[in-house]
Amino acid sequence: MKKVVMMLSILGLISASPILAENTATQTQAVHQEIRPIVVRVNGLVCGFCAQGIKKRLLSLSAIQSVQVNLGEKRVSITLKPKTILTDADIKTAIQQAGYAVVRVER
Ligand SMILES: [Cu+2]
């Protein structure tokens, strides 16, 4: 009986933690939809203002579900909507239109 109570309190702690819950959700999505983000290295991406400009431009493309920017690594992660296609050229054009240059696209 003691064991059951302990298990329940551990489970309670896990579900109460938003960070762990988010990680679990991301992993579940990766397994079920097999969607891996496209990683784009961007030159000149140095501050939050750059990040917002790039995000806004990319999110205006209908194939893109979400955009995450890592300023430290000058990296933009793009997640596509299911059953959509986005070419490297599409990405390069959009980022150029935002005023930045793509170093490379990693898939
Ligand atoms: Cu900036």
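Visitor: I have the predicted model open. Where do I start with the sheet, and in which order do its strands lie?

Guide: Strands of a sheet pair through backbone hydrogen bonds, either parallel or antiparallel. Here, four strands make an open sheet, ordered β2-β3-β1-β4, with antiparallel pairing. At the edges sit β2 and β4 (101–106), each of which pairs on one side only. From one strand to the next, the twist averages 25°.

Visitor: Let's go pair by pair. How many bridges link β2 and β3?

Guide: Six bridges, in the antiparallel sense. To find your place in that ladder, look at V67: its bridge partner in β3 is I78. The hairpin of these two strands has four residues between them, and K74 there takes a positive phi near 45°.

Visitor: And which strand does β1 pair with over four bridges?

Guide: Strand β1 (residues 38–43) pairs with strand β3 (residues 75–80), again in the antiparallel sense. Use R41 as your marker there, as its bridge partner in β3 is R75.

Visitor: What about the helices? Which strands does α3 lie across?

Guide: Helix α3 (residues 48–59) lies across β1, β2 and β3, and runs at about 165° to β2. Helix α4 (residues 88–97) also packs on the sheet, where it touches β1, β3 and β4. The direction of α4 makes about 150° with that of β4.

Visitor: Now the inside. How many residues are in the largest nonpolar core?

Guide: There are 12, among them V40, V42, I54, I78, I91 and Y100. At least two residues of this core come from each of β1, α3, β3 and α4. The largest share, three residues, is supplied by α4.

Visitor: Pick one core residue for me. What does I95 touch, leaving out residues up to four places away in sequence?

Guide: I95 touches V40, V42, I54, Y100 and V102. You may recognise V40, V42, I54 and Y100 from the core, where I95 is also a member.

Visitor: In a strand, how should I think about where side chains point?

Guide: In a regular strand the side chains alternate between the two faces of the sheet.

Visitor: Then take Q68. Where is it found, and why does it count as partly exposed?

Guide: Q68 is found in strand β2 (residues 64–70). It counts as partly exposed because it has 13 C-beta neighbours inside 10 Å, while a buried residue needs 20 or more and an exposed one has 12 or fewer.

Visitor: How far apart are Q68 and V39?

Guide: They are 29 residues apart in sequence, and 9.4 Å apart in space from C-alpha to C-alpha.

Technical notes
Residues numbered from 1 in each chain as written. Predicted model: local features only at pLDDT ≥ 70, side-chain atom pairs only at ≥ 80, totals over all residues. Pairing = 2+ DSSP bridges. Axes fitted to C-alpha atoms, helices over the stretch in contact; angles between N-to-C directions. Contact = placed C-beta atoms within 7 Å. Core = buried A, V, L, I, M, F, W, Y, C linked by C-beta atoms within 7 Å.
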